[in-house]
Amino acid sequence: MNILFVLTSLDPYRGGVQRVTWVLSEYFRQKGFDTFFAYDLVDYDRIEADHKIKIDYSLPFEEIYQQLENFVVKNKIDIIINQDRKNAKLLTAYAKIKAKRACKIIHCLHNAPDYFKHVKLTPVQRIKKWGFRLIHSYDHVIKAQQEAYNVADYVVLLSDSFIPDYINLYHIPNRKKVGAISNPLSFHTDISDDFSIEKEHTVLIVARLEERQKNIKAALRIWKEVEATQETDWKLLLAGYGPDEAEILRYATKLQLKRFSFIGRIDKPETLYKKASVFMMTSNYEGFGMTLTEALQYGCIPIAFNTYSAVKDIIQDGNNGYLIAPGDEKTYACKILSLIHDEKLRSALMQNGLNSIAKFQIEAIGQQWLDLFKSLSNEEHIVR
């Protein structure tokens, strides 16, 4: 069976979708599948040239369609995994390809179904959105997801908890076409590894520096509260890059943080997780939150705002980390302080965290994908 992933960029260190795609593709290859990629932005040189195609979506539809169809036919693609791409030209191309070949389409939504409700629009954007709805009588975000659902043979969400919202928000008629598969772990680690010997007095943030979603300023305010409450040798380390980097760093300067460091983009975040003792996530919304499972893999205790339902799939409050009521920065700071002051508590939560990640191992997640492939191929016997 040949699988085609369609996504924006291929570099697995660029973001969660890219990392998941790479981990799954490697697993599928180990199982005897061949994997291919269609992308439109950033390449990845470890992928063979004949296994990928770059698509320019500014081209006329017929050119895009012909490029994609030729690639699908040449490589005998059985299943296309659409990694949350909702480009209208692409979706139309999928429909035409399906009509001509026994090729299945799986659409993956890599965010919470209600993600669009959290996006803060500028006044101009709000006017444009209002005008669009007035003219077309529908919300373009909802319409795009409906069109992706319509062309797909199956829709994969990141958590069972997302299914009711997805069905209700997008007016989905057939529940049987919708399921959930969690993201796999990003890295290969052994649960028996003892990370405690490498731990430093560091609290870590690894995030894309996009304030509207990641809410990094809240994390900086929380750390300011920690510094004001207790003089310690603990430090906060921020790693990442993104459009709001300058704004976030100006805010850190304004807060006059004493024990804060920024290191920018890092291609090997494992080195940070190994040394850090506590991990902070303050996102306003997420799809899965891969940095949480990455932290757990290396014995780094996660704390997160309880802002999306799938976070409960990862963090069991008080057992392997802490979930904080959205916006409760004081309680968040108190939980960090409790971990700073109690080494035995840190040790217990760290071990619980290592024990909690087995369900996200690639063998478990990958098997769910193989089961889905089998069920889809049984419908029309697409396996050669």
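Me: What stands opposite His-107 in strand 6?
Reply: In this predicted model, Val-155 of strand 6 is the residue facing His-107.

Me: How do you know that strand 5 and strand 6 pair?
Reply: Pairing asks for at least two bridges between two strands. Strand 5 (residues 104-108) and strand 6 (residues 154-157) are joined by 3 bridges and run parallel, so they count as a pair.

Me: And what about strand 6 and strand 7, how many bridges join them?
Reply: There are 3 bridges here, and these strands run parallel. Val-155 takes part, with Val-178 in strand 7 as its bridge partner.

Me: What makes both faces of strand 6 covered?
Reply: Tyr-154 and Val-156 are buried on one side, while Val-155 and Leu-157 are buried on the other.

Me: Which sheet do these strands belong to, and in what order do its strands come?
Reply: It is an open sheet of 7 strands with parallel pairing, ordered 3-2-1-4-5-6-7.

Me: Why are strand 3 and strand 7 called edge strands?
Reply: Strand 3 (52-54) and strand 7 (178-180) each pair on one side only. Across this sheet, neighbouring strands are turned by 20° against each other on average, ignoring direction.

Me: Which strands does helix 1 touch?
Reply: Helix 1 (residues 16-30) packs on the sheet against strand 1 (2-6), strand 2 (34-39) and strand 4 (79-83). The angle between its direction and that of strand 2 is about 155°. Angles over 145 degrees count as roughly antiparallel, so helix 1 is roughly antiparallel to strand 2.

Me: Where does helix 2 lie?
Reply: Helix 2 (residues 61-74) lies across strand 1, strand 2, strand 3 and strand 4. It runs at about 175° to strand 3.

Me: What is the strand order in the sheet of 6 strands?
Reply: That open sheet follows the order 10-9-8-11-12-13, with parallel pairing. Its edge strands are strand 10 (260-264) and strand 13 (322-324), each pairing on one side only.

Me: How do you know that strand 8 and strand 11 pair?
Reply: The requirement is at least two bridges. Strand 8 (residues 202-206) and strand 11 (residues 278-281) run parallel and are joined by 2 bridges, so the requirement is met. Val-203 stands opposite Val-278 of strand 11.

Me: Which helices pack on this sheet?
Reply: Helix 8 (residues 216-229) is one of them, touching strand 8, strand 9 (235-239), strand 10, strand 11 and strand 12. Helix 11 (residues 290-297) also packs there, touching strand 8, strand 11 and strand 12. Its direction makes about 175° with that of strand 11.

Me: Why are helix 13 and helix 14 called roughly perpendicular?
Reply: Their axes cross at roughly 105° and come within 5 Å. Roughly perpendicular covers 65 to 115 degrees, so this pair of helices qualifies. On the helix 13 side the contact is made by Ser-338, Leu-339, Ile-340 and His-341; on the helix 14 side, by Glu-343, Leu-345, Arg-346 and Leu-349.

Me: What makes Phe-305 and Tyr-332 an edge-to-face pair?
Reply: Ring centres must lie within 6.5 Å, and planes over 60 degrees apart count as edge-to-face. Here the values are 5.1 Å centre to centre and 75° between the planes, so both conditions hold. The pair links distant parts of the chain, with Phe-305 in strand 12 (residues 301-305) and Tyr-332 in helix 13 (residues 329-341), 27 residues apart.

Me: Are those two residues buried or exposed?
Reply: Buried means under 20% relative accessible area. Phe-305 has 3% and so is buried, and Tyr-332, with 0%, is therefore buried too.

Me: Why is Ser-182 called buried?
Reply: Its relative accessibility is 18%, and the limit is under 20%, so Ser-182 counts as buried. Ser-182 lies in the loop between strand 7 and strand 8. Leaving aside neighbours within four places in sequence, its contacts are Leu-158, Phe-288, Phe-360 and Ile-365.

Me: How do you know that the distance from Lys-177 to the ring of Tyr-149 fits a charge over a ring?
Reply: The distance limit is within 6 Å of the ring centre. The charged end of Lys-177 is 4.0 Å from the centre of the Tyr-149 ring and sits over it. Lys-217 likewise lies over the face of Tyr-251, at 5.3 Å from the ring centre.

Key:
Residues are numbered from 1 along each chain as its sequence is written. This is a predicted model: local features need pLDDT of at least 70, side-chain atom pairs count only at pLDDT 80 or more; totals for chains, interfaces and linings use all residues. Side-chain values use heavy atoms; hydrogens and water are left out. Rings of Phe, Tyr and Trp (its six-membered ring) pair if their centres lie within 6.5 Å; planes under 30 degrees apart count as stacked, over 60 as edge-to-face and the rest as tilted. Helices (H or I, at least four residues) and strands (E, at least two) are DSSP runs, numbered from the N terminus. Buried means under 20% relative accessible area, exposed over 50%, partly exposed in between (1.4 Å probe, protein chains only). A charge sits over a ring if NZ of Lys or CZ of Arg is within 6 Å of the ring centre and within 35 degrees of the ring normal. Axes are lines fitted to C-alpha atoms, for helices over the stretch in contact, and angles run from 0 to 180 degrees between N-to-C directions. Contact means heavy atoms within 4.5 Å. Angles under 35 degrees count as roughly parallel, over 145 as roughly antiparallel, 65 to 115 as roughly perpendicular and the rest as oblique.
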